[in-house]
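Trainee: I am new to this structure. Please pick one part and take me through it closely.

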Amino acid sequence: MTVKLKGSSSSDEEDLPLSSTIPRTKRKIEDSDDEDIKSGSVITAANVKREEDKSYDSDLALSKVASPKKKVVKRGKRSSSKVAGRSLSSTKQKGIKKDSRAQPPKKISKRESSVEQQDADLDSISNEASQDADDFKWWEKENDDDSVKWISLKHNGVIFPPKYEPLPSHIKLYYNGRAVDLPPQAEEVAGFFAALLESDHAKNPVFQKNFFEDFLDVLQENGGPRNDIELKTFELCDFSKMFDYFQLQKEQKKQLSPQEKKRLKQEKEEFEEPYKFCMLDDRKEQVGNFRIEPPGLFRGRGAHPKTGKLKRRVYPEDVVLNLDKEAKVPEAPDNHNWGEVRHDNTVQWLAMWRENISNSFKYVRFAANSSLKGMSDYKKFEKARQLKDYIDPVRKDYMVNLKSKVMLERQIAVACYFIDVFALRAGGEKADDEADTVGCCSLRYEHVTLKPPNTVIFDFLGKDSIRFYQEVKVEKQVFKNLTLFKKPPKQPGHQLFDRLDPALLNKHLQNYMPGLTAKVFRTYNASKTMQDQLDLITDEGTVAEKILKYNAANRTVAILCNHQRTVTKGHAAAVQKATDRIEELEWQKIRLKRAILQLDKTEAKKNPNYFAEVKDLVKEQELLIHKRVIEKEREKFTKKFARENEKRKFDNEPPLPDSQLKEWMNKVDELESEYKREVETGKVEVKTSDVDKLKAQVEKLDQRIENYAIQLKDKEDNSQVALGTSKINYIDPRLSVVFCKKYGVPLEKVFTKSLRDKFKWAIESADENWRF
DNA sequence: CTTTCGACTTAGGACTGAGGGG
DNA sequence: CCCCTCAGTCCTAAGTCGAAAG
């Protein structure tokens, strides 16, 4: 376990050796702080100067020698000359059209607000709208001030999850072998756990403990088990009957006839229709998450202390609605009342409630394709583009400040370097009842390992407890500073940047550019990287090849941002299967080559390279392949037999005779003995005497092997990388639009339907010459 | 000032249905 | 054609950051 220094109370801090030496105020680097003290010299201003000069020179030497191949700075970002000429774009953007805050307030406010009129308004949500959101081109309008988000806002409220349906009386939780008669409220909670019985959560002791505590609470509140069984330990609970029942239900749902499924789906659609849309400034716009989150067990990520706790049911009384003053307030279901009705047009949520796990708010908001979301997305990317014009001084400064005499400034410099070069997040402090994850400012001693002369190993859990592991080379001075920041008495558990927090860092960044914060760097560097990668692609090859290259560029960005996904359950198996298949194809190829040699011995001399691999195949390996191939064949026929009979049974036909299966199996046996002979005699039983034909077959196999190998590599490369997050949040969509336009790639090959909706503004505004 | 709150973006995993290969 | 895979969508957790509260 580690000790947290920051964020803990001051009394905790007093126990720690560092507390007295490092108050969190700005001050000069003192002797005890600076690594240079090791050399025994007292650091005066002059001394510092001299020392710095020396190190500056050596840094320079280092960069001179190593810069062409070193990885000190990834992605060659210091090449700003290309960017410089384009600096007007961000200013240009501002003056597209003068049209101050162009929403139409007059119509609504003047309007009669009789009940009938309002009903008509709401109906129009699902019928035709006064204005279709589709032809509202907000991005062609000037909009500087967005503190007011809307003038009018009408919606139909939210959908609540269905009431709990008690299980059939024969489905019970068992305790120590006895059926427990639970009150429905407690049964529901037990059911939440039972549903997860085969997931990893159910095996997590923290999850079990948290669940069990909350479960017992609910049980207590509702009078305990009705048949007086006292539940004491989790281990004696048997949820399997409940689990089985849920499985059965799932199965039954699957078994429904297609028509039945369709009908149910349509019913659901019809019921949800009114909630899917709202009227925003008289335009019909989509609502995002209009369903209130159902109760369940909290599934925290990573080692979350609260994982497994009961996420309680939300009632209308917990919900705050937000609409305009004239809007008809939708009726709360079942004679309930809304917690509150608000008319706050400075926010973009339609409803909210407080959740009970961390006591924070959940919001019902507009969908990603809405104008408001689009606007903030656009602004985000414009802000990132703006950074182009400021990045040089920012970088120059942090390089200079790496040598600042003020500790805080050095820490800021290193933090900026990390954020810029390695795309770290800001890293706010976290509470004890959250998972222990970190970002830049919250990095601790143990998260950074230093390997002289200038290698840094990052190893920590970031957002969502995703591991960040990188072994990188850094600027010499960064390395020196890190050594300094880790100097005793600092030890594991202590903050690396003990003077720093995101607020401070962001305040520093605002000095360069209004609105500049740590997260802007991620957007900037992601989009910049994408631009650079796309620039490398030429207008050659097929559309499919271009898409492959686009995805490769996308992957570069995803890796930069450390966007990972856990390898799917079947991944290892899938890779093994693909590898096996390639191996089998290789083997087939070798057999063909052997056959060629048998037919014409002179071939070997004519082209020894071509036949080299024939000798490479080891006998043991070949035997294994044989075994695998034969096994697969047997399995294939067994399955075919079973499936065929299943079908016949369904069609009321007589099953296939066993003799059929036997016949198939005999064929496999034959094949098996053929292979056996082949190994014994070393001779392939050739079916043709045409050498050219065989060669053609070899060629075909080569092609197939190649294809499979590429597919496999792609699969491997992508197995741990999630491309979606960067595409959705970090890469300026206009880059993709330009790429597609320029190279004749259909946009739908890179953007799904929902992304095309979300990025409508980009699709319609970017021309071929647009650059990030 | 520092801490907490509120509102927003960013994130990976679960679920599901369309389409691609055997 | 059928199965199975995987892309696309849904869900909601977990960040960031400015502003209010203390």
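Mentor: Here is a close look at one strand and its partners, followed by the surface around the DNA. Keep in mind that the model is predicted.

Start with strand β6, residues 277-280. Side chains in a regular strand alternate between the two faces of the sheet. In β6, F277 and M279 are on one side, and C278 and L280 are on the other. All four are buried, so both faces of the strand are covered, taking buried as under 20% relative accessible area.

Now look at the partners of β6. Strand β2, residues 153-154, runs antiparallel to β6, and two bridges join them. K154 has M279 as its bridge partner in β6. Strand β7, residues 283-286, also pairs with β6 in the antiparallel sense, over four bridges. There, F277 stands opposite Q286. The β6 and β7 hairpin has two residues between its strands. D281 takes a positive phi there, near 45 degrees.

Next, turn to DNA strand C. It is surrounded by 28 residues, and the closest are R301, K362, K430, T517 and S754. Of the DNA strand C atoms within 4 Å of the protein, 95% belong to sugar and phosphate. By class, this surface has 13 charged, 11 polar and four nonpolar residues. Helices α15 (502-510) and α16 (518-535) each supply at least two of its residues.

Three contacts reach phosphate oxygens of DNA strand C. A polar backbone atom of D464 is 3.0 Å from one. For K519, a backbone N or O atom lies 2.8 Å from a phosphate oxygen. T752 uses its side chain: an N or O atom there is 3.1 Å from a phosphate oxygen.

Note on methods: Residues numbered from 1 in each chain as written. Chains lettered and ligands numbered in written order. Predicted model: local features only at pLDDT ≥ 70, side-chain atom pairs only at ≥ 80, totals over all residues. Heavy atoms only, no water. Buried < 20%, exposed > 50% of the residue type's maximum accessible area, 1.4 Å probe, protein only. Pairing = 2+ DSSP bridges. Near = heavy atom within 4 Å. Polar contact = N/O pair within 3.5 Å; in protein donor to acceptor, adjacent residues only side chain to side chain. Nonpolar A, V, L, I, M, F, W, Y, C, P; charged D, E, K, R; others polar.
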